[in-house]
Amino acid sequence: MTRRAIVQKWILYCLCALVLLAVQDLILVRIRIGGVHPFLLPALAVIPVTLECSGQSLLYALFFGLACDLLMPTGVFVCFYCLVFLAAAVIAQLLSRQVIVAGFFCSLAANAVGLLLCGLLQILLRTYQQSISTGPALMLMGKELLLSLAATPLVHFPFSRICRLTRGE
């Protein structure tokens with residue numbers, strides 16, 4: 001694959017992520033079930049990693065996390081998403097290479113890993129910083145996890161389409 005084709009592929013992934021971020025911010029935040037709404041950010045960071053399995057995909061997850069940290073006002077600590085999405089991307093890449101064949105179920109598992117890392121780290125840090133109760137926080141995280149996993153097809157199918165188009169299938 002030429003350098004130009006690689007750049008075009010990652011531009012398409014970024015544009016798709018931008019559109020899905022708009023869907024997250026304009027539509028999905030209005031859908032509340034059990035007091036939570038779907039959270040697509042971990043899926044947007046890790047699903048391209050499962051489809052591509054390259055160093056470029058890890059860079060994408062790192063820079064996507066950095067963009068989220070710079071653009072989102074609420075963070076548990078500086079570079080939270082950058083570090084969490086990179087860790088989730090490394091785990092997702094291991095999953096897609098050694099455990100589950102890249103596809104929808106791999107994307108679902110990688111999204112679950114990303115959501116769990118985000119949720120558990122937030123609970124851990126907020127419990128330490130603000131003395132919140134872990135029981136209700138874990139219950140809320142579980143609800144968000146289930147609802148967000150149900151929204152995984154919104155992210156997987158557009159990204160898998162880009163992957164197929166850029167490979168010439």
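In this predicted model, helix H4 has a long list of buried residues: Phe-80, Tyr-81, Cys-82, Val-84, Phe-85, Ala-88, Ala-89, Ala-92, Gln-93, Leu-95 and Ser-96. What do they pack against? The buried residues of H4 pack against H2, H3 and H5. The helix has 20 residues and reaches 27 Å from its first C-alpha to its last, close to the 28 Å expected at 1.5 Å a residue.

Cys-82 is a handy residue to stop at in H4. With a relative accessibility of 9%, below the 20% cut-off, Cys-82 counts as buried. Leaving out residues up to four places away in sequence, Cys-82 touches Leu-62, Gly-65, Leu-66 and Asp-69. Gly-119 sits 37 residues from Cys-82 in sequence, and the two C-alpha atoms are 14 Å apart in space.

Now for H6. Its buried residues are Ala-137, Met-141, Leu-145, Leu-147, Ser-148 and Leu-149, and they pack against H5 and H7. How does the length of H6 work out? At 1.5 Å a residue, its 17 residues should span 24 Å, and the end C-alpha atoms are indeed 24 Å apart, so the two values agree.

On to the largest nonpolar core, which holds 39 residues; Leu-44, Phe-64, Phe-85, Val-155 and Phe-159 touch the most other members. Which elements give two or more residues to this core? They are H1 (3-26), H2 (41-52), H3 (55-71), H4 (80-99), H5 (104-130), H6 (134-150) and H7 (152-167). H2 supplies the largest share of this core, with eight residues. Take Val-155 as a sample: setting aside neighbours within four places in sequence, Val-155 is in contact with Leu-20, Leu-40, Ala-43, Leu-44 and Ile-47.

Helix H1 has its own cysteine, Cys-16, which counts as buried because its relative accessibility is 13%, under the 20% cut-off. If residues up to four places away in sequence are not counted, Cys-16 touches Pro-158, Phe-159 and Ile-162. Cys-16 and Val-46 are 30 residues apart in sequence, with 14 Å between their C-alpha atoms.

What about charged pairs? The count comes to one salt bridge. Lys-9 pairs up with Glu-52, and the closest N and O atoms are 3.0 Å apart. Lys-9 lies in helix H1 and Glu-52 in helix H2, so the pair ties together parts that are 43 residues apart in sequence. Are the two partners buried or exposed? Lys-9 is buried at 6% relative accessibility, and Glu-52 is buried too, at 13%.

There is also a nonpolar patch on the surface. Val-7, Ile-11, Leu-12, Leu-15 and Leu-18 form it, and together they have about 450 Å² of accessible area. Leu-18 is found in helix H1, and this residue is exposed because its relative accessible area of 54% is over the 50% cut-off.

Here are the individual accessibility values side by side.

| Residue | Relative accessible area | State |
|---|---|---|
| Lys-9 | 6% | buried |
| Cys-16 | 13% | buried |
| Leu-18 | 54% | exposed |
| Glu-52 | 13% | buried |
| Cys-82 | 9% | buried |

Conventions: Residues are numbered from 1 along each chain as its sequence is written. This is a predicted model: local features need pLDDT of at least 70, side-chain atom pairs count only at pLDDT 80 or more; totals for chains, interfaces and linings use all residues. Side-chain values use heavy atoms; hydrogens and water are left out. A nonpolar core is a set of buried Ala, Val, Leu, Ile, Met, Phe, Trp, Tyr and Cys residues joined through side-chain atoms within 4.5 Å. Buried means under 20% relative accessible area, exposed over 50%, partly exposed in between (1.4 Å probe, protein chains only). Helices (H or I, at least four residues) and strands (E, at least two) are DSSP runs, numbered from the N terminus. Contact means heavy atoms within 4.5 Å. Patches are made of residues with over 30% relative accessible area and no salt bridge: like charges are joined within 9 Å, nonpolar side chains (Val, Leu, Ile, Met, Phe, Trp, Tyr) within 5 Å. Accessible areas come from the Shrake-Rupley method with a 1.4 Å probe; for residues, only the protein chains shown count as cover. A salt bridge is a side-chain nitrogen of Lys or Arg within 4 Å of a carboxyl oxygen of Asp or Glu. The expected span of a helix is 1.5 Å times one less than its number of residues.
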